[in-house]
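Here are my comments on the model, set out as numbered points for your review. Please read them alongside the coordinates.

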Amino acid sequence: MSESDLKCIGILTSGGDAPGMNAAIRAVTRTAIYNGFEVKGILRGYKGLITGEIIPFKTQNVSNIIQQGGTILKTARCPEFMTPEGRRLAYENMVKEGINALVVIGGDGSLTGARIFAAEYNLPIIGLPGTIDNDLYGTDTTIGYDTALNTIMEAVDKIRDTASSHERLFFIEVMGREAGFLALNGALATGAEAAIIPEIATEVDQLADLIQNGFRKSKNSSIVLVAESELTGGAMGLAERVKNEYPQYDVRVTILGHIQRGGSPSASDRILASRMGEAAINALLEGQRNVMIGIDDEELVYVPFNKAIKNQKPINRDLLNTVKILSI
Ligand code: ADP
């Protein structure tokens, strides 16, 4: 298919929701309409593609949503899309609806599904990195990450008020799946004593390091941000270890949970989503397919799906030391 055959673009959000997805939906829809395309909104991610929950999208459908968290298209996890039969149904609905290309906003899993679907049916699909985890390679940040980081900062500030009134060690668990970006930068932003992250979990015993390195020397309370992950053991796992191995500490656990996904997107996330949404349509106009839009050092870039999802996005390990130095 050449770009001139491109008439109708379908858009969906999939996997974990992230603040700023609505700003991305708005930008994709409006840029597509501006360029003369028809737009269709697909509800509930790949699930809606399979069940045919597809609605025409006009510019008014995306009015007044830039400031809203969540996603007006809804999102879902869809195991059926992992089967060839599920993807065949999805493809048949695309044909029935006259959709020639897709813009998929989601995380690692959603872009993996997009890569497989695109290859199987020779479809043009553009991905936008929509996840609070920031774990997609090739882009400095992902849509939702900055808002989640700010939510973490506000929550930890509040916990610090109570923590400092008692002599306690607080483990605060943040999201991130197998990535420590939220924990590490959250620790920097809140002046936490340490971040315990999966990226180095197999190399060092971060808990033993923390305690041996004179932690709490001059303080009556301590806050440690822990990335949720089997590798770190999570906040509960670490608290268990403290109780057994360092019983002198009075330990408390807070799991921030879904609060991190909610809320109105930050200015940075709205700007990121708007730029990336416009870029998704420009990419299709340029004949690009099967790439994720990224912003790398202020430059818009096209990252092949394979690279975006398969590569471990490197974390800046120097920042761990910064956290340590600033917490003496
Ligand atoms: P996220 O996009 O936030 O990483 P998930 O990992 O739950 O979220 O993936 C979202 C959806 O993407 C899954 O429910 C499934 O429909 C689709 N998906 C994920 N992995 C694959 C895969 N290997 N093949 C096909 N579809 C997939």
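1. The shell around the ligand is made up of 17 residues, and the closest of them are Arg77, Cys78, Gly107, Gly109 and Ser110. Please keep in mind throughout that this is a predicted model. Sorted by class, the shell holds 5 nonpolar, 8 polar and 4 charged residues, and the element that gives the most to it is helix α4 (residues 108-121), with 6 residues.

2. Which residues place polar atoms beside oxygen atoms of the ligand? In the side chain of Ser110, an N or O atom is 2.5 Å from an oxygen atom of the ligand, while a polar backbone atom of Cys78 is 2.6 Å from a ligand oxygen. For Arg177, the distance between a side-chain N or O atom and an oxygen atom of the ligand is 3.2 Å. Taken on its own, the ligand has 550 Å² of accessible area, of which the protein covers 85%.

3. Turning to the interior, the largest nonpolar core comprises 64 residues, and Val103, Leu128, Leu182, Ile223 and Leu225 are those with the most contacts inside it. Once neighbours within four places in sequence are left aside, Val103 is in contact with Ile9, Gly10, Ile11, Leu12, Val28, Ile126, Leu128, Ala280, Ile281 and Leu284. A second core, separate from this one, has 26 residues, including Ala90, Ala114, Val303 and Phe305.

4. Is Thr31, which is found in helix α1 (residues 21-34), buried or exposed? Thr31 counts as buried because its relative accessibility is 11%, and the cut-off for that class is under 20%. A polar atom of the Thr31 side chain lies 2.6 Å from the backbone oxygen of Ala27. Beyond residues up to four places away in sequence, Thr31 touches Glu278 and Ile281.

5. Helix α6 (residues 181-190) is largely enclosed by the rest of the structure, because 7 of its 10 residues are buried. The buried residues of α6 are Phe181, Leu182, Ala183, Leu184, Gly186, Ala187 and Thr190; Leu182 is also one of the residues with the most contacts inside the largest nonpolar core. The elements against which the buried residues of α6 pack are α5 (145-163), β6 (169-174), β7 (194-196), β8 (222-227) and α11 (318-326). Just after α6 comes Gly191, which takes a positive phi of about 70 degrees.

Note on methods:
Residues are numbered from 1 along each chain as its sequence is written. This is a predicted model: local features need pLDDT of at least 70, side-chain atom pairs count only at pLDDT 80 or more; totals for chains, interfaces and linings use all residues. Side-chain values use heavy atoms; hydrogens and water are left out. A residue is near a molecule or strand if one of its heavy atoms lies within 4 Å of it. A polar contact is a pair of N or O atoms within 3.5 Å; within protein, one must be able to donate a hydrogen and the other to accept it, and residues adjacent in sequence count only if both atoms are side-chain atoms. Accessible areas come from the Shrake-Rupley method with a 1.4 Å probe; for residues, only the protein chains shown count as cover. Helices (H or I, at least four residues) and strands (E, at least two) are DSSP runs, numbered from the N terminus. Ala, Val, Leu, Ile, Met, Phe, Trp, Tyr, Cys and Pro count as nonpolar, Asp, Glu, Lys and Arg as charged, and the others, Gly among them, as polar. A nonpolar core is a set of buried Ala, Val, Leu, Ile, Met, Phe, Trp, Tyr and Cys residues joined through side-chain atoms within 4.5 Å. Buried means under 20% relative accessible area, exposed over 50%, partly exposed in between (1.4 Å probe, protein chains only). Contact means heavy atoms within 4.5 Å.
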